[in-house]
Amino acid sequence: MRLTVNGESREYSGDPAQPLLWFLRDDLALTGTKFACGIAACGACTVHVDGAPVTSCVTAMAGLEGKSVVTIEGLGGDAGDHPVQKAWAEANVPQCGYCQSGQIMAAAALLKAKPSPTEQDIDDAMTGIICRCGTYPRIRAAIRAAAGLPVAVEGR
(Lines give C-alpha, C1' and ligand atoms only; values in the text may rest on other atoms or scores of the structure.)
Protein backbone atom coordinates (compact mmCIF):
# COMPACT_ATOMS: atom_id res chain seq x y z
CA MET A 1 0.00 0.00 0.00
CA ARG A 2 1.07 3.57 -0.56
CA LEU A 3 0.66 6.42 1.84
CA THR A 4 2.32 9.78 2.38
CA VAL A 5 4.31 10.44 5.53
CA ASN A 6 5.49 13.97 6.20
CA GLY A 7 5.07 14.81 2.52
CA GLU A 8 6.99 11.77 1.20
CA SER A 9 5.37 8.85 -0.59
CA ARG A 10 5.98 5.62 1.32
CA GLU A 11 5.34 1.96 0.54
CA TYR A 12 4.15 -0.54 3.15
CA SER A 13 3.82 -4.26 2.43
CA GLY A 14 3.71 -5.75 5.93
CA ASP A 15 0.92 -7.01 8.15
CA PRO A 16 -2.22 -4.91 7.56
CA ALA A 17 -3.07 -5.21 11.26
CA GLN A 18 0.21 -3.63 12.37
CA PRO A 19 -0.33 -0.31 14.14
CA LEU A 20 0.87 2.81 12.34
CA LEU A 21 3.08 3.63 15.33
CA TRP A 22 5.46 0.75 14.56
CA PHE A 23 5.68 1.62 10.86
CA LEU A 24 6.66 5.16 11.84
CA ARG A 25 9.13 4.21 14.55
CA ASP A 26 10.64 0.94 13.29
CA ASP A 27 10.46 1.23 9.51
CA LEU A 28 10.85 4.99 9.03
CA ALA A 29 12.89 5.81 12.19
CA LEU A 30 10.49 8.63 13.07
CA THR A 31 10.89 8.22 16.81
CA GLY A 32 9.30 11.51 17.83
CA THR A 33 5.99 9.66 18.03
CA LYS A 34 6.06 7.88 21.37
CA PHE A 35 4.80 4.50 22.51
CA ALA A 36 3.21 4.63 25.93
CA CYS A 37 -0.02 2.79 26.80
CA GLY A 38 -0.63 0.89 23.54
CA ILE A 39 -4.41 1.12 23.94
CA ALA A 40 -5.14 4.73 22.92
CA ALA A 41 -5.70 5.77 26.51
CA CYS A 42 -2.92 8.34 26.90
CA GLY A 43 -2.47 10.03 23.50
CA ALA A 44 1.34 10.15 23.55
CA CYS A 45 1.37 8.57 20.09
CA THR A 46 -0.94 11.12 18.45
CA VAL A 47 -0.23 11.95 14.80
CA HIS A 48 -2.36 13.47 12.05
CA VAL A 49 -4.03 11.32 9.39
CA ASP A 50 -5.52 13.49 6.66
CA GLY A 51 -5.34 16.38 9.12
CA ALA A 52 -7.19 14.73 11.99
CA PRO A 53 -5.49 13.65 15.23
CA VAL A 54 -5.36 9.87 15.69
CA THR A 55 -3.65 7.60 18.18
CA SER A 56 -1.15 5.70 16.08
CA CYS A 57 -0.82 2.82 18.56
CA VAL A 58 -4.27 1.52 17.58
CA THR A 59 -4.50 2.75 13.97
CA ALA A 60 -4.01 -0.27 11.72
CA MET A 61 -1.99 0.11 8.55
CA ALA A 62 -4.88 -1.50 6.62
CA GLY A 63 -6.89 1.72 6.70
CA LEU A 64 -4.12 4.03 5.51
CA GLU A 65 -3.98 3.40 1.76
CA GLY A 66 -3.71 6.78 0.06
CA LYS A 67 -3.80 8.68 3.35
CA SER A 68 -1.49 11.48 4.43
CA VAL A 69 0.24 11.08 7.80
CA VAL A 70 2.05 13.90 9.58
CA THR A 71 4.22 13.24 12.62
CA ILE A 72 5.91 15.67 14.99
CA GLU A 73 8.94 15.56 12.68
CA GLY A 74 6.82 16.79 9.77
CA LEU A 75 4.72 19.34 11.60
CA GLY A 76 7.11 22.28 11.52
CA GLY A 77 9.83 20.96 9.26
CA ASP A 78 13.43 20.61 10.31
CA ALA A 79 13.33 23.94 12.13
CA GLY A 80 10.34 22.90 14.25
CA ASP A 81 8.81 26.26 13.52
CA HIS A 82 5.11 25.45 13.60
CA PRO A 83 3.35 28.12 15.71
CA VAL A 84 2.41 25.51 18.32
CA GLN A 85 6.01 24.29 18.56
CA LYS A 86 7.22 27.88 18.97
CA ALA A 87 4.61 28.58 21.65
CA TRP A 88 5.57 25.35 23.43
CA ALA A 89 9.20 26.44 23.61
CA GLU A 90 8.32 29.98 24.69
CA ALA A 91 6.02 28.70 27.45
CA ASN A 92 8.67 26.16 28.53
CA VAL A 93 5.98 23.48 28.55
CA PRO A 94 7.84 20.15 28.74
CA GLN A 95 9.07 18.54 31.91
CA CYS A 96 9.89 14.92 31.15
CA GLY A 97 8.72 15.55 27.57
CA TYR A 98 7.36 12.09 26.91
CA CYS A 99 3.80 13.14 26.01
CA GLN A 100 4.79 16.39 24.34
CA SER A 101 4.75 15.27 20.70
CA GLY A 102 1.22 13.94 21.20
CA GLN A 103 0.20 17.11 23.00
CA ILE A 104 1.60 19.32 20.24
CA MET A 105 -0.03 17.27 17.48
CA ALA A 106 -3.43 17.44 19.22
CA ALA A 107 -3.05 21.19 19.79
CA ALA A 108 -2.02 21.80 16.16
CA ALA A 109 -5.08 19.89 14.93
CA LEU A 110 -7.28 21.90 17.28
CA LEU A 111 -5.95 25.24 16.04
CA LYS A 112 -6.26 24.19 12.41
CA ALA A 113 -9.93 23.33 12.97
CA LYS A 114 -10.62 26.21 15.38
CA PRO A 115 -8.09 29.06 15.09
CA SER A 116 -9.60 30.87 18.10
CA PRO A 117 -10.65 28.08 20.43
CA THR A 118 -12.70 28.55 23.56
CA GLU A 119 -11.59 27.10 26.87
CA GLN A 120 -14.08 24.29 26.29
CA ASP A 121 -12.63 23.64 22.82
CA ILE A 122 -9.17 23.33 24.37
CA ASP A 123 -10.47 21.02 27.09
CA ASP A 124 -12.29 18.85 24.55
CA ALA A 125 -9.30 18.58 22.20
CA MET A 126 -6.72 17.89 24.89
CA THR A 127 -8.69 15.62 27.24
CA GLY A 128 -7.31 12.40 25.77
CA ILE A 129 -3.66 13.40 26.04
CA ILE A 130 -2.29 12.59 29.47
CA CYS A 131 0.71 14.43 30.96
CA ARG A 132 2.01 12.64 34.02
CA CYS A 133 4.11 15.70 34.95
CA GLY A 134 0.99 17.86 35.17
CA THR A 135 2.08 20.59 32.77
CA TYR A 136 -1.54 21.32 31.85
CA PRO A 137 -1.45 25.04 32.80
CA ARG A 138 1.58 25.59 30.55
CA ILE A 139 0.01 23.48 27.77
CA ARG A 140 -3.11 25.66 27.93
CA ALA A 141 -0.97 28.84 27.92
CA ALA A 142 0.98 27.64 24.88
CA ILE A 143 -2.20 26.81 22.98
CA ARG A 144 -3.63 30.24 23.78
CA ALA A 145 -0.36 31.92 22.73
CA ALA A 146 -0.24 29.97 19.45
CA ALA A 147 -3.82 31.08 18.79
CA GLY A 148 -2.96 34.71 19.52
CA LEU A 149 -5.28 34.73 22.54
CA PRO A 150 -4.46 36.46 25.83
CA VAL A 151 -2.38 34.29 28.13
CA ALA A 152 -2.52 34.50 31.89
CA VAL A 153 0.98 34.23 33.29
CA GLU A 154 1.29 32.06 36.39
CA GLY A 155 3.61 33.03 39.19
CA ARG A 156 5.15 36.00 37.44
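At 27% relative accessibility, tryptophan 22 counts as partly exposed in this predicted model. Tryptophan 22 belongs to helix α1, and its ring pairs with that of phenylalanine 35, which sits in the loop between α1 and β3, 13 residues apart from it. The two ring centres are 5.1 Å apart and the planes stand at 45 degrees, so the pair is tilted. An angle of this kind is neither under 30 degrees, as stacking would require, nor over 60, as an edge-to-face arrangement would require. Phenylalanine 35 is also partly exposed, with a relative accessible area of 36%.

The count of aromatic pairs comes to two. The other pair joins tyrosine 12 and phenylalanine 23, whose ring centres lie 5.1 Å apart with the planes at 80 degrees, so this pair is edge-to-face. Tyrosine 12 is in the loop between β2 (8–11) and α1, while phenylalanine 23 is in helix α1. Eleven residues separate the two, and the pair links distant parts of the chain. Tyrosine 12 is buried, at a relative accessible area of 5%, and phenylalanine 23 is buried as well, at 2%. Helix α1 thus contributes phenylalanine 23 to one pair and tryptophan 22 to the other.

The loop that holds phenylalanine 35 also holds alanine 29, between α1 (20–27) and β3 (46–49). Most residues other than glycine have a negative phi. Alanine 29 departs from this with a positive phi of about 60 degrees. Alanine 29 is exposed, its relative accessible area being 57%. A positive phi also occurs at aspartate 50, where the value is near 50 degrees. Aspartate 50 lies in the loop between β3 and β4 (52–55) and counts as partly exposed, at 46% relative accessibility.

Further along the chain, helices α3, α4 and α6 pack together. Helix α3 (residues 83–90) and helix α6 (residues 136–146) have axes that come within 8 Å and cross at roughly 135 degrees. That angle makes α3 oblique to α6, since only angles over 145 degrees would count as roughly antiparallel. The crossing in which α3 passes α6 is right-handed. On the α3 side the contact is made by Pro83, Val84, Ala87 and Trp88, and on the α6 side by Ile139, Ala142, Ile143, Ala145 and Ala146. By class, the residues of this contact divide into nine nonpolar, no polar and no charged.

Helix α3 also packs against α4 (100–113), at an angle of about 130 degrees and with the axes 9 Å apart. The two helices are therefore oblique to each other, and α3 passes α4 in a right-handed crossing. Here Val84, Gln85 and Trp88 of α3 meet Gln100, Gln103, Ile104, Ala107, Ala108 and Leu111 of α4. This contact has six nonpolar, three polar and no charged residues. Val84 and Trp88 of α3 take part in the contact with α4 and are also among the residues of α3 that touch α6.

Which residues of α6 are buried? They are Ile139, Ala141, Ala142, Ile143 and Arg144. Among them, Ile139, Ala142 and Ile143 belong to the contact with α3. An α-helix has 3.6 residues a turn, so residues three or four places apart point the same way. The buried residues of α6 pack against α3, α4 and α5 (119–126). After α6 comes glycine 148, whose phi is positive, near 75 degrees.

Two further residues come close to parts of the chain that are remote in sequence. Alanine 113 is placed in helix α4 and counts as exposed, at 61% relative accessibility. The C-alpha atoms of alanine 113 and glycine 51 are separated by 9.2 Å, although the two residues are 62 residues apart along the chain. Glutamate 65 is in the loop between β4 and β5 (68–70). Glutamate 65 and glutamate 11 are 54 residues apart in sequence, with 9.5 Å between their C-alpha atoms. Leaving aside neighbours within four places in sequence, glutamate 65 is in contact with Met1 and Arg2.

How values were computed:
Residues are numbered from 1 along each chain as its sequence is written. This is a predicted model: local features need pLDDT of at least 70, side-chain atom pairs count only at pLDDT 80 or more; totals for chains, interfaces and linings use all residues. Side-chain values use heavy atoms; hydrogens and water are left out. Axes are lines fitted to C-alpha atoms, for helices over the stretch in contact, and angles run from 0 to 180 degrees between N-to-C directions. Helices (H or I, at least four residues) and strands (E, at least two) are DSSP runs, numbered from the N terminus. Angles under 35 degrees count as roughly parallel, over 145 as roughly antiparallel, 65 to 115 as roughly perpendicular and the rest as oblique. A crossing is left-handed if the near helix is turned anticlockwise from the far one by less than a right angle, and right-handed if clockwise. Contact means heavy atoms within 4.5 Å. Ala, Val, Leu, Ile, Met, Phe, Trp, Tyr, Cys and Pro count as nonpolar, Asp, Glu, Lys and Arg as charged, and the others, Gly among them, as polar. Buried means under 20% relative accessible area, exposed over 50%, partly exposed in between (1.4 Å probe, protein chains only). Rings of Phe, Tyr and Trp (its six-membered ring) pair if their centres lie within 6.5 Å; planes under 30 degrees apart count as stacked, over 60 as edge-to-face and the rest as tilted.
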